[in-house]
Amino acid sequence: MSGLTYAEWADAVQEGRLLGLACACGHTNGSPVAACPHCGERDLEQVELPTEGTVHTETTVQVPPAGFQERGYQVVAVSLGDARVMGRVVGDRVEIGDQVSLAGVITEDDGHPAPTFEII
Ligand SMILES: [Zn+2]
(Lines give C-alpha, C1' and ligand atoms only; values in the text may rest on other atoms or scores of the structure.)
Protein backbone atom coordinates (compact mmCIF):
# COMPACT_ATOMS: atom_id res chain seq x y z
CA MET A 1 0.00 0.00 0.00
CA SER A 2 1.36 3.41 -0.83
CA GLY A 3 0.64 6.77 0.76
CA LEU A 4 -0.84 7.53 4.12
CA THR A 5 -3.63 9.95 4.91
CA TYR A 6 -4.00 11.72 8.21
CA ALA A 7 -7.29 9.83 8.78
CA GLU A 8 -5.58 6.45 8.25
CA TRP A 9 -2.78 7.43 10.60
CA ALA A 10 -5.24 8.68 13.26
CA ASP A 11 -7.43 5.56 12.99
CA ALA A 12 -4.36 3.36 13.44
CA VAL A 13 -3.26 5.31 16.53
CA GLN A 14 -6.71 4.73 18.04
CA GLU A 15 -6.17 0.99 17.45
CA GLY A 16 -2.74 1.02 19.08
CA ARG A 17 -0.77 0.89 15.83
CA LEU A 18 1.69 3.39 14.42
CA LEU A 19 1.93 3.85 10.69
CA GLY A 20 4.71 5.55 8.81
CA LEU A 21 5.93 6.10 5.29
CA ALA A 22 9.10 4.53 3.96
CA CYS A 23 10.98 6.12 1.09
CA ALA A 24 13.31 4.45 -1.37
CA CYS A 25 16.05 6.84 -0.17
CA GLY A 26 16.06 5.07 3.18
CA HIS A 27 14.19 7.68 5.21
CA THR A 28 11.11 6.58 7.13
CA ASN A 29 8.66 9.25 8.26
CA GLY A 30 6.64 8.63 11.40
CA SER A 31 3.63 10.70 10.38
CA PRO A 32 1.63 11.40 7.24
CA VAL A 33 3.50 13.47 4.67
CA ALA A 34 2.82 14.14 1.02
CA ALA A 35 6.47 13.79 0.07
CA CYS A 36 9.70 12.56 1.61
CA PRO A 37 11.20 15.47 3.58
CA HIS A 38 14.70 14.29 2.65
CA CYS A 39 14.47 13.82 -1.09
CA GLY A 40 11.01 15.00 -2.18
CA GLU A 41 9.90 11.59 -3.48
CA ARG A 42 6.10 11.34 -3.51
CA ASP A 43 5.79 7.56 -4.02
CA LEU A 44 6.09 6.43 -0.41
CA GLU A 45 5.29 3.02 1.00
CA GLN A 46 3.01 2.70 4.02
CA VAL A 47 4.71 0.70 6.76
CA GLU A 48 3.78 -0.35 10.27
CA LEU A 49 6.25 1.00 12.82
CA PRO A 50 7.48 -0.90 15.86
CA THR A 51 5.74 0.16 19.08
CA GLU A 52 8.90 0.08 21.18
CA GLY A 53 11.79 2.46 20.78
CA THR A 54 14.16 4.96 22.33
CA VAL A 55 13.52 8.50 23.54
CA HIS A 56 15.28 10.83 21.12
CA THR A 57 14.26 14.19 22.59
CA GLU A 58 12.02 15.19 25.47
CA THR A 59 10.54 18.47 26.58
CA THR A 60 8.07 19.48 29.26
CA VAL A 61 5.10 21.55 28.23
CA GLN A 62 4.00 23.83 31.04
CA VAL A 63 0.28 23.98 31.53
CA PRO A 64 -1.30 27.19 32.81
CA PRO A 65 -2.39 26.61 36.42
CA ALA A 66 -6.03 27.64 36.04
CA GLY A 67 -8.20 24.54 35.97
CA PHE A 68 -5.31 22.09 35.77
CA GLN A 69 -3.96 19.95 38.58
CA GLU A 70 -0.86 18.88 36.71
CA ARG A 71 2.01 21.29 36.31
CA GLY A 72 2.98 20.10 32.88
CA TYR A 73 3.39 17.09 30.68
CA GLN A 74 6.26 15.61 28.75
CA VAL A 75 6.36 15.51 24.99
CA VAL A 76 8.84 13.17 23.37
CA ALA A 77 10.17 12.26 20.00
CA VAL A 78 10.70 8.50 20.03
CA SER A 79 12.90 6.64 17.57
CA LEU A 80 10.91 3.63 16.39
CA GLY A 81 13.02 1.68 13.99
CA ASP A 82 14.04 4.19 11.32
CA ALA A 83 11.25 6.66 12.10
CA ARG A 84 10.64 9.29 14.75
CA VAL A 85 7.22 9.76 16.27
CA MET A 86 6.01 12.55 18.54
CA GLY A 87 3.91 11.64 21.54
CA ARG A 88 3.16 12.32 25.15
CA VAL A 89 4.58 10.53 28.16
CA VAL A 90 2.37 8.77 30.69
CA GLY A 91 3.64 7.47 34.01
CA ASP A 92 7.20 8.17 35.08
CA ARG A 93 9.22 10.96 33.51
CA VAL A 94 11.54 9.81 30.76
CA GLU A 95 15.00 10.89 29.75
CA ILE A 96 16.81 10.79 26.44
CA GLY A 97 17.89 7.23 25.75
CA ASP A 98 15.16 5.56 27.80
CA GLN A 99 13.40 2.59 26.23
CA VAL A 100 9.69 3.23 25.88
CA SER A 101 6.69 1.48 24.41
CA LEU A 102 3.42 2.69 23.01
CA ALA A 103 0.99 3.01 25.92
CA GLY A 104 -2.17 4.27 24.26
CA VAL A 105 -3.63 7.39 22.84
CA ILE A 106 -4.92 10.68 24.14
CA THR A 107 -6.99 13.32 22.44
CA GLU A 108 -5.30 16.67 22.25
CA ASP A 109 -7.17 19.88 23.00
CA ASP A 110 -7.63 20.40 19.27
CA GLY A 111 -9.38 17.02 18.96
CA HIS A 112 -6.51 15.21 17.26
CA PRO A 113 -5.22 11.92 18.65
CA ALA A 114 -1.65 11.69 19.92
CA PRO A 115 0.16 8.48 20.86
CA THR A 116 1.35 8.12 24.45
CA PHE A 117 4.51 6.33 25.55
CA GLU A 118 5.70 4.86 28.84
CA ILE A 119 8.98 3.50 30.13
CA ILE A 120 9.31 -0.23 29.53
ZN1 LIG B 1 13.35 10.04 0.36
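**Reading the strands and core**

Q: In the hairpin of β5 and β6, which residue takes a positive phi?
A: Gly81 does, with a phi near 60°. Two residues lie between the strands of this hairpin. Bear in mind that this is a predicted model.

Q: What makes β5 and β6 count as paired strands?
A: Pairing needs at least two bridges. β5 and β6 have six bridges, and they run antiparallel. Therefore they meet the cut-off of at least two bridges. One place to look is Ala77, which stands opposite Met86 in β6.

Q: How do you know that β4 pairs with β5?
A: Apply the cut-off of at least two bridges again. Strand β4, residues 52–62, shares eight bridges with β5, so the two strands pair. Their sense is antiparallel. Gln62 has Gly72 in β5 as its bridge partner.

Q: Which strands form the open sheet, and in what order?
A: The sheet has three strands in the order β2-β1-β3, with antiparallel pairing. Strand β1, residues 19–22, is joined to β3 by four bridges. Four bridges pass the cut-off of at least two, so β1 and β3 count as a pair. Within β3, Val47 is the bridge partner of Gly20.

Q: Why are β2 and β3 said to stand at the edges?
A: Each has a single partner strand, so one side of each is left without a neighbour in the sheet. β2 covers 28–29 and β3 covers 45–48.

Q: How do you know that the radius of gyration agrees with a compact globule?
A: Set the two values side by side. A compact globule of 120 residues would have a radius of gyration near 14 Å. The chain has 15 Å, which agrees. Along its principal axes, the C-alpha trace spans about 45 × 30 × 25 Å.

Q: What makes a set of residues a nonpolar core?
A: The members must be buried, of nonpolar type, and joined through C-beta atoms within 7 Å. The largest such core here has 21 residues. Leu18, Leu49, Val76, Val78, Leu80, Val85 and Phe117 touch the most other members. Two or more residues come from each of α1 (6–14), β1, β5 (72–80), β6 (83–89) and β7 (99–107). In soluble globular proteins, nonpolar side chains tend to be buried together.

Q: Which residues does Leu18 touch, not counting residues up to four places away in sequence?
A: Leu18 touches Ala12, Val13, Leu49, Thr51, Leu80, Val85, Leu102 and Pro115.

Q: Why is the chain's pattern written α-β-β-β-β-β-β-β-β?
A: The chain has one helix and eight strands. The pattern is read along the sequence.

Definitions and conventions. Residues numbered from 1 in each chain as written. Predicted model: local features only at pLDDT ≥ 70, side-chain atom pairs only at ≥ 80, totals over all residues. Rg over C-alpha atoms; globule rule 2.2 N^0.38 Å. Buried ≥ 20, exposed ≤ 12 C-beta atoms within 10 Å, placed from the backbone. Contact = placed C-beta atoms within 7 Å.
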